[in-house]
Amino acid sequence: MLQNYFKIAWRNLRKNRTYVIINVLGLGIALACCIVAYLNWEYNATYDGHHEHAEEIYRVNFIRQMGGRDIANGSCPMPLALAVQQNIPQVEEAVRYLPSGANFKVETTVFSTGVAGVDPAFFDLFTFDFVQGSAASIEDERTLVIDEELLERHWPDGGNVIGDFMTLVQGDQKIEFKIGGVFKKQPENSSMQQNAYLHVDALLQIQDYEATNWALFNSTFLRIPDPRQVDMVTQELQDYVTVQNDAKEDYKVAHYYLDPFVGMAVRAEKEGTWNHWFSQSLPTAAAAAPGIMSLLLLLIACFNFTNTSIATANRRLKEIGIRKVMGSAKRQIIAQFWGENLLLTFLALALGILIAAFLVPLYSSMWAFL
């Protein structure tokens with residue numbers, strides 16, 4: 001009996017192949033757009049979500065008033081982290097982050113790569129998976145850690161590189177750094193996309209900066225386990241506004257505030273945060289607009305699918321009558337029509353996945369940071 005259902009379905013689909021093609025193609029395109037829209041939304045919604053302590057981390061931002069408007073800045077003075085660590089007990093850890101670019105030499109190959117100076121506690125705050133060595137190695141100021149991308153590029157044999165050297169080349173300076181760890185590359189939707197990290201004090205020495213200079217800016221992250229203490233910490237941060245304004249009179253601060261790490265990248269893009277020295281999220285419009293468009297397309301495709309299905313069913317009234325005369329029950333006829341439409345839906349879904357496999361990388365290529 002089941003075989004007869006399949007025979008009838010095949011004959012009717014072949015007989016009405018124009019409607020079948022229209023339905024499958026229209027619904028498939030709409031579903032492909034929905035898949036692209038969902039992946040865009042998920043990219044931003046899960047940004048930095050893999051970090052274990054993300055809910056406890058805050059970046060110290062400040063508001064600068066310029067031209068009659070408030071401008072958010074994602075940076076703060078370099079000495080602030082130490083001051084907070086010493087004077088605000090509600091903060092469990094304060095970590096400095098100073099991004100830079102550098103030229104390195106491995107054997108005879110000279111290359112440029114992104115590098116950041118961080119405090120060793122940086123790897124306690126943020127989740128990095130190490131495949132060789134450990135994050136603790138950067139407590140030595142002549143040691144750095146690198147990602148698998150650098151490993152694959154300059155050590156293609158993939159062997160153990162712990163103890164090997166990379167030479168930082170800056171003008172006439174040539175400083176050897178020992179490799180102390182190799183970590184897995186962070187996900188695409190992660191703020192931390194540097195290829196290498198070293199001790200922030202080492203980077204400051206190389207760049208000839210003073211760690212006590214309140215006119216020197218970096219990004220500072222605080223770990224506050226108890227969210228009820230955030231307002232208190234924010235209030236205590238205001239004590240350092242005058243110190244910063246005296247050190248940098250041309251860049252006056254109105255007040256400090258704590259920006260939660262969860263959603264930080266998306267807010268920075270949406271609000272136009274200055275000095276956001278991290279990987280970008282998708283623009284808000286790019287994440288939201290495809291969702292609205294795809295829902296409208298899906299709605300149109302569903303209306304089209306319904307109309308063509310009804311039109312096809314009306315042409316089969318004689319078949320329905322003969323089957324009822326031959327003893328077919330109402331539920332059997334309904335099951336036949338449901339089965340045929342479900343088959344078309346699954347065909348459209350398969351086509352949509354194939355189209356999405358082409359559209360997703362094409363859409364991603366529109367953004368230079370992906």
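## Salt bridges, cores and one helix

Lys 185 is partly exposed, with a relative accessible area of 37%, and Glu 149 is likewise partly exposed, at 30%. In this predicted model, the side chains of these two residues, Lys 185 and Glu 149, meet in a salt bridge with an N to O distance of 3.4 Å. Because Lys 185 lies in the loop between S9 and S10 while Glu 149 belongs to helix H5, the pair ties together parts that are 36 residues apart in sequence.

The structure holds 10 salt bridges. One of them joins Asp 201 to Arg 96, with the closest N and O atoms 3.3 Å apart; this pair links distant parts of the chain, since Asp 201 sits in helix H6 and Arg 96 in strand S4, 105 residues apart. Another is formed by Arg 267 and Asp 259, whose closest N and O atoms are 2.7 Å apart. Beyond these pairs, Glu 56, Glu 92, Glu 93 and Arg 223 are joined into one network by salt bridges that share partners. The table gives the accessibility of the residues in the Asp 201 and Arg 267 bridges.

| Residue | Relative accessible area | Class |
|---|---|---|
| Asp 201 | 23% | partly exposed |
| Arg 96 | 12% | buried |
| Arg 267 | 24% | partly exposed |
| Asp 259 | 7% | buried |

The nonpolar interior comes next. The largest nonpolar core has 27 residues, of which Leu 144, Ile 146, Trp 155, Met 166 and Phe 177 touch the most other members. Two or more residues each are given to this core by strands S4 (93-106), S5 (109-118), S7 (143-147), S8 (165-170), S9 (173-183) and S10 (196-199), together with helices H5 (148-154) and H6 (200-206). The largest share, five residues, is contributed by H6. Leaving aside residues up to four places away in sequence, Trp 155 touches Val 106, Ile 146, Leu 150, Val 161, Asp 164, Phe 165, Met 166 and Ile 179. Apart from this largest core there is another, made of 24 residues, which include Tyr 58, Ala 94, Val 241 and Tyr 251. As a general tendency, nonpolar side chains in soluble globular proteins are buried together.

Helix H7 (residues 230-237) shows how its residues divide between two sides. Val 230, Val 233, Thr 234 and Leu 237 of this helix are buried. They lie on the same side of H7, because they cover an arc of only 100 degrees around the helix axis. In general, an α-helix has 3.6 residues a turn, so residues three or four places apart point the same way. The face of H7 turned away from the buried side carries Asp 231 and Gln 235, which are exposed. The packing partners of the buried H7 residues are strand S1 (57-66), helix H3 (80-87), strand S11 (217-223), helix H8 (241-247) and strand S12 (255-260).

How many disulfides does a search of the whole structure find? It finds zero. Cys 33 is in no disulfide, and the nearest cysteine sulfur to its own, that of Cys 34, is 7.1 Å away. For Cys 34, also in no disulfide, the nearest cysteine sulfur is that of Cys 33, at 7.1 Å. Since a pair of sulfur atoms must lie within 2.5 Å to count as a disulfide, Cys 33 and Cys 34 do not qualify. Cys 33 counts as partly exposed at 21% relative accessibility, whereas Cys 34, at 19%, is buried, because buried means under 20%.

Note on methods:
Residues are numbered from 1 along each chain as its sequence is written. This is a predicted model: local features need pLDDT of at least 70, side-chain atom pairs count only at pLDDT 80 or more; totals for chains, interfaces and linings use all residues. Side-chain values use heavy atoms; hydrogens and water are left out. A nonpolar core is a set of buried Ala, Val, Leu, Ile, Met, Phe, Trp, Tyr and Cys residues joined through side-chain atoms within 4.5 Å. Buried means under 20% relative accessible area, exposed over 50%, partly exposed in between (1.4 Å probe, protein chains only). Helices (H or I, at least four residues) and strands (E, at least two) are DSSP runs, numbered from the N terminus. Contact means heavy atoms within 4.5 Å. A salt bridge is a side-chain nitrogen of Lys or Arg within 4 Å of a carboxyl oxygen of Asp or Glu. The arc is that of the directions from the helix axis to the C-beta atoms.
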